[in-house]
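Work through the exercises below with the sequence and the structure side by side. Try each task before reading its solution.

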Amino acid sequence: TKSPVELMRALYAGALGAAACAILVGAVHFTSYEGSRRWLTEHLPSDTPQSSQPGAQSHPASHKKGLVNALASLTAGVYVPGEPGGSGNHSGSQDDGSGGGVVLCSAVLSAVITAIVESPIELFRHQQQAGMVQGNFLREMVSAVRRDGPAGLY
């Protein structure tokens with residue numbers, strides 16, 4: 001059996017490397033969210049009519065389509081930070097009037113991108129805690145990429 005000190009070392013193995021990686025993961029998450037939100041806002045047609053002249057009709061192409069429109073209808077009445085009618089801008093994003101669909105799609109995209117980056121870090125950290133990786137797990141990650149390519153991380 002292991003002593004309490006050995007158990008604590010095993011439990012917190014890789015904590016410093018994981019803390020450094022958490023900064024990277026946070027930056028990836030924020031950047032992917034803001035980048036996808038801006039891209040969706042710029043590239044999706046607006047919900048407002050193209051012309052502000054009286055009697056101007058909205059062209060069918062001027063409305064959000066597909067998944068974003070479906071997500072916007074699902075989030076109707078649900079508070080989304082930065083959404084018009086919300087209680088303020090809690091996300092740090094500019095309120096661009098894009099609504100819940102764009103915010104929700106951006107959140108989903110950023111969660112997927114974050115998982116792709118974070119999964120190998122967590123895998124190697126857990127392996128180090130289990131005693132399967134000796135030394136620095138970041139060096140072991142680099143070795144896995146050299147040996148097996150990027151697929152070696154997963």
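**Exercise 1. Contacts along the chain**

Among contacts in the chain between residues at least 6 apart in sequence, what percentage join residues at least 24 apart?

Solution. The model is a predicted one. Of the contacts between residues at least 6 apart in sequence, 58% join residues at least 24 apart. One pair to look at is alanine 27 and threonine 114, which are 87 residues apart along the chain, while their C-alpha atoms are separated by 9.4 Å.

**Exercise 2. Elements and surface**

State how many helices and strands the chain has, and how much of the chain is buried.

Solution.
- Step 1: The chain contains five helices and zero strands, giving the pattern α-α-α-α-α along the sequence.
- Step 2: Of the 154 residues, 28% are buried.
- Step 3: The accessible surface of the chain is about 10,000 Å², and carbon and sulfur atoms account for 63% of that surface.

**Exercise 3. Confidence of the prediction**

Find where the predictor is confident and where it is not.

Solution.
- Step 1: Start with the whole chain, where the mean pLDDT is 75 and 64% of residues reach 70 or more.
- Step 2: Go on to the elements. Helix α5 (residues 137-148) has the highest mean pLDDT, 91, and helix α3 (residues 66-74) has the lowest, 59.
- Step 3: Look for stretches with low values. Residues 48-64 stay under 50, and the model has 19 contacts beyond four places in sequence for them. Residues 85-96 are also below 50, with 19 contacts beyond near neighbours in sequence.

**Exercise 4. Two residues, buried or exposed**

Classify threonine 114 and alanine 27, using under 20% relative accessible area for buried and over 50% for exposed.

Solution.
- Step 1: Locate the residues. Threonine 114 is in helix α4 (residues 99-129), and alanine 27 is in helix α2.
- Step 2: Threonine 114 has 9% relative accessibility, so this residue counts as buried.
- Step 3: Alanine 27 has 40% relative accessibility and therefore counts as partly exposed.
- Step 4: List the contacts of threonine 114. Leaving out residues up to four places away in sequence, threonine 114 touches Val25, His29 and Ser32.

**Exercise 5. The nonpolar core**

Which residues make up the largest nonpolar core?

Solution.
- Step 1: The core has ten residues: Ala18, Cys21, Val25, Ile121, Phe124, Val133, Phe137, Met141, Ala144 and Leu153.
- Step 2: Helices α2 (15-43), α4 and α5 each supply at least two residues of this core.
- Step 3: Take one member in detail. Apart from neighbours within four places in sequence, cysteine 21 is in contact with Ile121 and Leu138.

**Exercise 6. Salt bridges**

How many salt bridges does a search of the whole structure find? Describe the ones that involve glutamate 34, then compare their setting with that of arginine 147.

Solution.
- Step 1: The search finds four salt bridges. In general, side chains of opposite charge can pair when their charged atoms come close.
- Step 2: Glutamate 34 pairs with arginine 37, with the closest N and O atoms 2.8 Å apart. Both residues lie in helix α2, three residues apart, which is about one turn of the helix.
- Step 3: Glutamate 34 also forms a salt bridge with arginine 38, at 3.8 Å from N to O. These two residues are four apart in helix α2, so about one helical turn separates them.
- Step 4: Check the burial. Glutamate 34 has a relative accessible area of 6% and is therefore buried. Arginine 37 is at 5%, so it counts as buried as well.
- Step 5: Turn to arginine 147, which forms a salt bridge with aspartate 148, the closest N and O atoms being 3.4 Å apart. Arginine 147 is exposed, because its relative accessible area is 54%. Aspartate 148, at 46%, counts as partly exposed.
- Step 6: Through shared partners, salt bridges join Glu34, Arg37 and Arg38 into one network.

**Exercise 7. A nonpolar patch on the surface**

Name the residues of the nonpolar surface patch, and classify leucine 104.

Solution.
- Step 1: The patch is formed by Leu104, Val108, Val112, Ile116 and Tyr154, with about 470 Å² of accessible area together.
- Step 2: Leucine 104 is located in helix α4.
- Step 3: The relative accessible area of leucine 104 is 30%, so leucine 104 is partly exposed.

Note on methods: Residues numbered from 1 in each chain as written. Predicted model: local features only at pLDDT ≥ 70, side-chain atom pairs only at ≥ 80, totals over all residues. Heavy atoms only, no water. Buried < 20%, exposed > 50% of the residue type's maximum accessible area, 1.4 Å probe, protein only. Contact = heavy atoms within 4.5 Å. pLDDT = per-residue confidence, 0-100. Core = buried A, V, L, I, M, F, W, Y, C linked by side-chain atoms within 4.5 Å. Salt bridge = Lys/Arg side-chain N within 4 Å of Asp/Glu carboxyl O. Areas by Shrake-Rupley, 256 points an atom, 1.4 Å probe, with all protein chains shown as cover. Patch = residues over 30% accessible without salt bridge, like charges linked within 9 Å, V, L, I, M, F, W, Y side chains within 5 Å.
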